[in-house]
Amino acid sequence: MPRFLLATLAASLVLSAPAAAQTTFTIKGAGFGHGVGMSQYGALGYAQNGWDAARILGHYYTGTSLGTTDPTQKVRVLLVPSTSSARISGARQAGSRRLDPTKTYVVRRRGLSQVELLSGGRRFATFTAPLQIAGEGGVTTLGGHGSYRGVMEFKPGNFSGMTVTNVVALDDYLQGVVPAESPASWPAEALRAQAIAARTYAITTAKSEDFDHYADTRSQVYKGVGIEQPSTNAAVADTRGQIVTYQGQPVVTYFFSTSGGRTESVENTSLGNEPKPWLKSVEDEFDNVSPRHRWTTRPSMASAKKKLGGLVKGSFKGIRVTKRGESPRIVSAEVVGSRGVSVTDGATLRARLGLFDSWAYFTSISGSEDEPTEDEAGGTAAPPGFGAFIRPIGVLRGSVISESRNVKVQALRDGRWVTVGSTKVRRGKYRWAAVTPGTYRAVVDGANGPAVNIR
């Protein structure tokens, strides 16, 4: 056969081959955070509906009551884990030495166990670590970070650099926490609930022997004097020393932004393996005031695979949830690839995919055109007045990984998607015979598959 005929035949085969299946990936979710304990937006909703702080806390922390603790006890907050030097101003005393509050000093490491204080580029004094510096009026400013109550503590790090820790009274610490965790404009009872939960969390958790808390979400957000507001300072003062207790003992009071309508029992999350009677899943009826009460994201399959990294074996196909908690946040799941599956959990999926919460539903839908099978080509019974049979011209087909098995089929009509039929997912596949040309797509649990032209 002549070469030009071979080329023409090859080209015609390429043109007539069905288009490769495309795949959409949809994640529909609820909530924002780890899901355990008090939902901050839920507390806002309850406060707006007349609940006081004690009732709000009793709802989220099952079986608890309010007790008291010493509001002047010291909390150690790690502000800077490692730095070569630090600038301070507003300071009146360093160890036993008096300082000028109008001047800026530099603190830096000296050897294995000392720090030195410089003024105007010259060494002012050398101290055996740790060095504590107190500010005029009880407030010291740390350059690049902010102003803080209590004292600043400086000491050499284990291997290099220098750490900076704020040693501050418990309720003074809370004045820099509450407005960082809840907007100061929120109702007083929501802010009081936040103050009590934050106070309890502060005394029941400690990160290491050297410090109690980080200044960020690894503990609770703390921004010092600069963020204080009259409303949040009032919430701290109004609840002075109050804490959440279970059977008379203070307990860990986790809190987070948005529950999606229900919190989760701690044993179903990455926060704990054992049940805790005060950290049980509860309904959260007013959490819908949150902008993250419900959310949807649609990453491409390629970007999802990149984020999931080594969890994907072969090409990425989707995610199959195997166990849910009570909320229902994900306890365990499988990342499905063309060469097998990888077992993972909700916290890992949330972190890898950058999701707001592990309360998530995953739907991957592929779609392409196919020729009718012999049975499908025989036609289907027609409505009265249309003859005996309607013969399909093509088939919308594909695969689905989802917790739903129901497929709606939509057609694009005059710029709008209109439902024209339905089918079922069987062994991960679906098929639907089209009787008129057009653009179609499969819809599974509100997630849209790719548009497919059938001619």
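User: Using a 1.4 Å probe, how many cavities of 30 Å³ or more does the count come to?

Analyst: First, a heads-up: this is a predicted model, where local features need pLDDT of at least 70, side-chain atom pairs count only at pLDDT 80 or more, and totals for chains, interfaces and linings use all residues. Residues are numbered from 1 along each chain as its sequence is written, and side-chain values use heavy atoms, with hydrogens and water left out. A cavity here is a set of points on a 1 Å grid over the protein atoms alone where a 1.4 Å probe fits but cannot get out, and lining residues have an atom within 4 Å of a point. Grid points are joined across faces, edges and corners, and the volume is the space filled by probe spheres set on the points. By that rule, the count of cavities of 30 Å³ or more is 1.

User: Which elements give two or more residues to the lining of the largest cavity?

Analyst: The lining is made of Thr26, Lys28, Tyr361, Thr363, Asp445 and Ala447. Strands are DSSP runs of E, at least two residues long, and helices are runs of H or I, at least four long, numbered from the N terminus. The elements giving two or more residues are β1 (22–30) and β22 (359–370).

User: Why is helix α2 (residues 40–48) called largely enclosed?

Analyst: Buried means under 20% relative accessible area, exposed over 50%, and partly exposed in between (1.4 Å probe, protein chains only). What covers the buried residues of α2, by contact (heavy atoms within 4.5 Å), includes β2 (38–39), α3 (53–60), α5 (178–181), α6 and β17 (255–256). The helix is largely enclosed by the rest of the structure because of its buried share: 7 of the 9 residues.

User: Which residue caps the N-terminal end of α2?

Analyst: Look for a side-chain oxygen 2.9 Å from the backbone nitrogen of glycine 42. The residue it belongs to is serine 39.

User: Which helix gives the most to the largest nonpolar core?

Analyst: A nonpolar core is a set of buried Ala, Val, Leu, Ile, Met, Phe, Trp, Tyr and Cys residues joined through side-chain atoms within 4.5 Å. The largest one has 64 residues, and those with the most contacts inside it are Met38, Tyr61, Ile133 and Tyr173. With 9 residues, the top contributor is helix α6 (residues 188–204).

User: How far apart in space are lysine 429 and arginine 405, C-alpha to C-alpha?

Analyst: Lysine 429 sits in strand β28 (residues 429–434). In sequence, lysine 429 and arginine 405 are 24 residues apart. In space, their C-alpha to C-alpha distance is 9.6 Å.

How values were computed:
Polar contact = N/O pair within 3.5 Å; in protein donor to acceptor, adjacent residues only side chain to side chain. 1 Å grid on protein atoms, 1.4 Å probe; cavity = no way out; pocket = protein on both sides within 12 Å on 5 of 7 lines; lining within 4 Å.
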